[in-house]
Amino acid sequence: MDADELPPEQAGDHLAAMRHSAAHMMAAAVVELFPETRLGFGPAIKDGFYYDFDLPRPLTPADLEQIEAKMREQQAAALAFEHSKDLPRAEAVAELEAKGQPFKVEIVNDLPESDGPTVSFYRHGSFEDLCRGGHLGSTKELGAFKLLNTAGAYWRGDETRPMLQRIYGTAWDTQEELDQHLWRIEEAKKRDHRKLGRELDLFTFHPESPAAPFLHPRGMALWRSLEDWSREVRRESGFSEVRTPSLVRKELWETSGHWNNYQDNMFVLDDYDHVSGLKPMNCPEEILIYRTRSRSYRDLPMRFNDYSVLFRKERTGVLAGMFRVRQLTQDDSHVFCRDDQVDDEIRLALALVRKQYAPFGFEPRAKLATRPDKYVGSEEDWERATARLRERLDEDGMPSEVDPGGGTFYAPKIDIYIEDALGREWQMATIQADYQLPQRFDLEYRSADGGFERPVVIHYAIYGSFERFIGIITEHWTGAFPLWLAPVQVMIVPIADRHLDYAASVRQALTDAGLRAEVDDRSERMQLKVRDAQEQKIPVMAVVGDRDAEAGAVSPRLRTGDSSQGVALSEFVADLVARNASRELWPVAAETKTETETEAE
Ligand SMILES: [Zn+2]
Ligand SMILES: [Zn+2]
């Protein structure tokens, strides 16, 4: 329970203490069943805990049941968690070696000097583990829990080291909360965006380019709709779009600080006589644009948006689909402004977040991330900067809480969160006023009195990365996108082959009006075509038969089951054009709700 332990600010958290304690109990149970077990890391994580074990054989589902039963025995026995001893490092290493715990030895050897000369051990019952503390009083206080599954995990995530067996578990205060969580897990499996991406022909992943999606025509249509909306939101607010190169020489990253602080996450390439990196962020290059001419106070604020491709060197072993990719595109925004404009720009950023999320039905919430333990600048500056952000949040009325110590080392920030249909919380945008980069790049503008002043850079992306956002909304709606986002908005279903010509003219009318429509021209029964369109989650079907063709009409049928007959084509098109332009949640909101409610019962 060491390096992976939750950050200190959460150590006091009751749920974290419970999950951390559950990990100890699981380790005790495993050691009881397999005395030769070698223990790895065993932290509390979001919603639960895990522990890595080196075991004589692969675990089976029956083993998990037994381990869980042993944990329940410990729970019933009400064993106290006690701080059993502190040992000088060398003694701790000797004892762990004697006990045949090489991974724990490595953990002790790698602890930073700042952790002090001794290491602590905790005990419950006869099981003792290396630990920093943060437990329940006794095993009896563990609430409702369940072991979930096992997975292979390389020691320290390093594929050259041994593969351990990781057991995941979850623990909650009440049985009801546990049941709710288990429902969410099941529901999330059904909604898995990797599965839906393939079924709905949106995107796929291929081993030839790990951790990077291949967008199919339908996936790209979805992406474009998102991008158009992001552009529209910014264009109306005085942004100008820029585009900056991917391959950038190392000298720029040295100036920006990425070379020292972020190099492990960068793809570094040999570029003839130079060393270059594929960019993980856009800001340093936008700064080069800023610096191409002298700027005056009248030029500010300058607002840039940038949809360039970014590269981050993620390990490819992680199969997280769109949630963790090595090549990503953000709806990235940078504002160069005067210090006296920062308040207005934060106001604008919050307003844009709200505006851009509205058509998704997402209600953003904020966390104000304050000064971390390690920071630069004076305490006074921090207080002022933090108070400013707090004022903006209060003024905006966005629900917010404080994330103590969550700021970066040079500035506080506002993190924006949304909750999806499964009640999962996603961190989305981060809004940050940056005084650091302008200084590193010696940016300036000519002030009203003829002197030079330093601008501030405000960074934010509202979707975050398009890839991750597409993953989130695909699962949120189970692929049933609202009309404005649906890759195919209307599927035209001719009843018989003799209606194909009329179907083509309906498609043309929809296409001319800027809508995305296809004709199902297979010689199949109408019912089958309707069912297929339904399965593809296409929001609107337009059935056309003899009477429709004669009258210049269609018989619309929605994904939700609502249908009508003989609607004039012009009226049908005009209605869809209006709904598409207003980006309303149609025909989707009601359906998602019903689905969730029924499943929850
Ligand atoms: Zn512990
Ligand atoms: Zn930036």
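In this predicted model, the zinc ion (ligand 1) is held by four protein donors, namely His-20 through NE2, His-24 through NE2, Cys-131 through SG and His-135 through NE2, which lie 1.9 to 2.1 Å from the ion. The angles that these four donor atoms subtend around the zinc ion run from 91 to 125°, and because four donors count as tetrahedral if all angles lie between 85 and 135 degrees, the arrangement is tetrahedral. Along the sequence, the donor residues follow the spacing H-x3-H-x106-C-x3-H. The site thereby links distant parts of the chain, since His-20 belongs to helix α2 (residues 14-33), whereas His-135 sits in the loop between β6 (127-130) and β7 (144-154), 115 residues apart from His-20. With a relative accessible area of 3%, His-20 is buried, and His-135, at 17%, also counts as buried because the cut-off is under 20%.

Elsewhere in the chain, helix α4 (residues 89-98) shows how buried and exposed positions can be arranged around a helix. Its buried residues are Arg-89, Ala-92, Val-93 and Leu-96; seen down the axis of α4, they fall within an arc of 100°, and so they line one face of the helix. On the other side of α4, by contrast, Ala-90 and Ala-98 are exposed. The elements that cover the buried residues of α4 include the strands β4 (82-88) and β5 (118-124), together with helix α5 (102-110). Just after α4 in the chain comes Gly-100, which takes a positive phi of about 70°.

Notes
Residues numbered from 1 in each chain as written. Chains lettered and ligands numbered in written order. Predicted model: local features only at pLDDT ≥ 70, side-chain atom pairs only at ≥ 80, totals over all residues. Heavy atoms only, no water. Donors = N, O, S within 2.8 Å, 3.2 Å for Na, K, Ca; no water. Tetrahedral: all angles 85-135°; square planar, octahedral: opposite > 155°, others 65-115°. Helix = DSSP H or I, 4+ residues; strand = E, 2+ residues; numbered from the N terminus. Buried < 20%, exposed > 50% of the residue type's maximum accessible area, 1.4 Å probe, protein only. Arc of directions from axis to C-beta. Contact = heavy atoms within 4.5 Å.
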